[in-house]
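Grab a pencil and open the structure viewer. Try each exercise yourself before you read the worked solution.

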Amino acid sequence: MEVRARAPGKIIIAGEHAVVHGSTAVAASVDLYTCVSLRFPTPSDNDDSLKFHLKDLDLEFSWPIERVKEALSELGSCAPSSPTSCSLGTMKAIAALVEEHTIPEANIGLAAGVSAFLWLYISIQGYKPGNVVITSELPLGSGLGSSASFCVALAGALLALSDSVSLDLSHEGWLMFGESELELVNKWAFEGEKILHGKPSGIDNTVSTYGNMIKFKLGDLTRINAGMPLKMLITNTKVGRNTKALVASVSERTVRHPNAMASVFSAVDSISNELATIIQSPASDDFAITEKEEKLEELMEMNQGLLQCMGVSHSSIETVLRTTLKYKLASKLTGAGGGGCVLTLLPTLLSETIVGRVISELEACGFQCLLAGIGGKGVQICFGGSS
Ligand SMILES: Nc1ncnc2c1ncn2[C@@H]1O[C@H](COP(=O)(O)OP(=O)(O)O)[C@@H](O)[C@H]1O
Ligand SMILES: C[C@@](O)(CCOP(=O)(O)O)CC(=O)O
Ligand SMILES: [Mg+2]
């Protein structure tokens, strides 16, 4: 039996970083996916190993299952229906298993992803030989939530073939989980994100699990139904960065300047709430849409200014801001910042010619532009070979 799971990436429209400190944030799924295929060997395969293949990167990892059992012996009693956090001791044992393989220096950030894989696999499936293949349409470490979509897709595939979840195995094509299963997938993915982000807010795994557009605060989500079209240009500066380090740097600044940072986080909370209200309120004609777009642009600019206060902007991000401003377009970083991706609101009445010019100018700077669909479905699974 083979199962595949796919989970979308995300954009954060307002509130990144501040959301880690309890502020409201607004996020939407993007139609770029991480896909996980999981298969257990049959007795005739005579294969007693756990294999993990990162197909796009052409990297393969394999451990004899007895070796995993010996290294992670205390994980045997885990229950897939009760997500738990990875202890420091287990993290060290997992790191030792990962170090048994050579990861190219250029991809060293992947070690955390391999650790999250081992943690989720053994916690949910125990010491069972298995074959896991990963492909991803998302740029890794760019602010589009590849880490969360990786954890959600993994948790989805692993739970789909566990005793904790009962699904219609004969269903053809992509299938959605029920509410209680989604909650379980989301909780396990959050545990994986902890390994990748250190202190995640949970917004990325939540939007990847449930899809749509959401407002998120302190672990609670509210679905947002957009009352207006929303088109965003995503510009990848291609400047690499690491979410865990950036989240930690904001926390350090908060320790140094607690009162000032509390005001920054409170301002972001107001921005996210106002932005969500504007997006949700219905707009009947072009005039009403334009009026709302202008307010959204102003809020995005204000949010960007506050992200600068948190110390997570970057010269490459500033270049995108300056370039889009020439066309009177508002932009802000999305995700952890420090490079990565920038969002630009594309007003409904903006001509295709201008969009083309903006994209050409950004690409001439060496950036990569994409127009992804936003607000689509969350995690889905598929049994057998059909798509
Ligand atoms: N498809 C994948 N395969 C393996 N690891 C992945 C994959 N996608 C994400 N990761 C892990 O997540 C890390 C990037 O996460 P992060 O720094 O949070 O940025 P983002 O979530 O914005 O892409 C990678 O360095 C890797 O460890
Ligand atoms: C900075 C943060 O708000 C979002 C990080 O997103 P990404 O990993 O850069 O895609 C962290 C979090 O909410 O866990
Ligand atoms: Mg991430």
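Below are five exercises on this predicted model, each with its solution in steps.

**Exercise 1. Work out how the chain splits into domains and what the contact between them takes from each.**

Step 1: start with the bounds. Domain 1 covers 2-222 + 375-383, and domain 2 covers 230-370. Domain 1 is therefore written in two pieces, with domain 2 numbered between them.

Step 2: look at spacing and contact. The C-alpha centres of the two domains are 28 Å apart. Domain 1 puts 28 residues into the contact, and domain 2 puts in 33 residues.

Step 3: stay on domain 1's side of that contact. β1 (2-14), β2 (25-39) and α5 (179-197) each bring at least two residues, and β1 has the largest share, with four residues. Sorted by class, this side has 11 nonpolar, 14 polar and three charged residues.

**Exercise 2. Find where ligand 2 sits relative to the two domains, and say why.**

Step 1: list the neighbours. There are 17 residues around ligand 2, and the nearest are P200, S201, T243, G335 and A336.

Step 2: check the helices. α6 (203-210) and α7 (243-256) each give at least two residues to this shell.

Step 3: draw the conclusion. Both domain 1 and domain 2 contribute to the shell, so ligand 2 lies between them.

Step 4: tally the classes. The shell around ligand 2 has seven nonpolar, eight polar and two charged residues.

**Exercise 3. Do the same for ligand 1: which residues come nearest, and how many in its shell are charged?**

Step 1: pick out the nearest. Of 22 residues around ligand 1, these are G109, G113, S146, S147 and T243. T243 also turns up among the nearest to ligand 2.

Step 2: trace the elements. α3 (110-125), β5 (130-136), α4 (146-160) and α5 each provide at least two shell residues.

Step 3: assign the domains. Domain 1 and domain 2 each give at least three residues to the shell around ligand 1.

Step 4: count by class. You should get eight nonpolar, 14 polar and no charged residues.

**Exercise 4. Decide whether E66, L218 and K238 are buried, partly exposed or exposed.**

Step 1: get the cut-offs straight. With C-beta atoms counted within 10 Å, 20 or more others makes a residue buried, 12 or fewer makes it exposed, and anything in between is partly exposed.

Step 2: take E66, in helix α1 (residues 65-71). It has 11 other C-beta atoms within 10 Å, so E66 is exposed. Its C-alpha is 7.9 Å from that of Y127, although the two are 61 residues apart along the chain.

Step 3: move to L218, in the loop between β6 (213-217) and β7 (220-224). Its 11 C-beta neighbours inside 10 Å make L218 exposed. L218 isn't a glycine, yet its phi is positive, about 45 degrees.

Step 4: finish with K238, in the loop between β8 (232-236) and α7. Because K238 has 14 C-beta neighbours inside 10 Å, it counts as partly exposed. K238 is another non-glycine with a positive phi, near 65 degrees.

**Exercise 5. Compare the span of helix α11 with the expected one, then see what comes after it.**

Step 1: α11 runs over residues 352-364, which is 13 residues.

Step 2: at 1.5 Å a residue you'd expect 18 Å, and the first-to-last C-alpha distance is close to that, at 18 Å.

Step 3: after α11 comes G366, with a positive phi near 95 degrees.

Definitions and conventions: Residues are numbered from 1 along each chain as its sequence is written. Chains are lettered from A and ligands numbered from 1 in the order in which they are written. This is a predicted model: local features need pLDDT of at least 70, side-chain atom pairs count only at pLDDT 80 or more; totals for chains, interfaces and linings use all residues. A residue is near a molecule or strand if its C-beta atom, placed from the backbone, lies within 6 Å of it. Ala, Val, Leu, Ile, Met, Phe, Trp, Tyr, Cys and Pro count as nonpolar, Asp, Glu, Lys and Arg as charged, and the others, Gly among them, as polar. Domain bounds come from an automatic or database domain assignment. The expected span of a helix is 1.5 Å times one less than its number of residues. Two residues are in contact if their C-beta atoms, placed from the backbone, lie within 7 Å.
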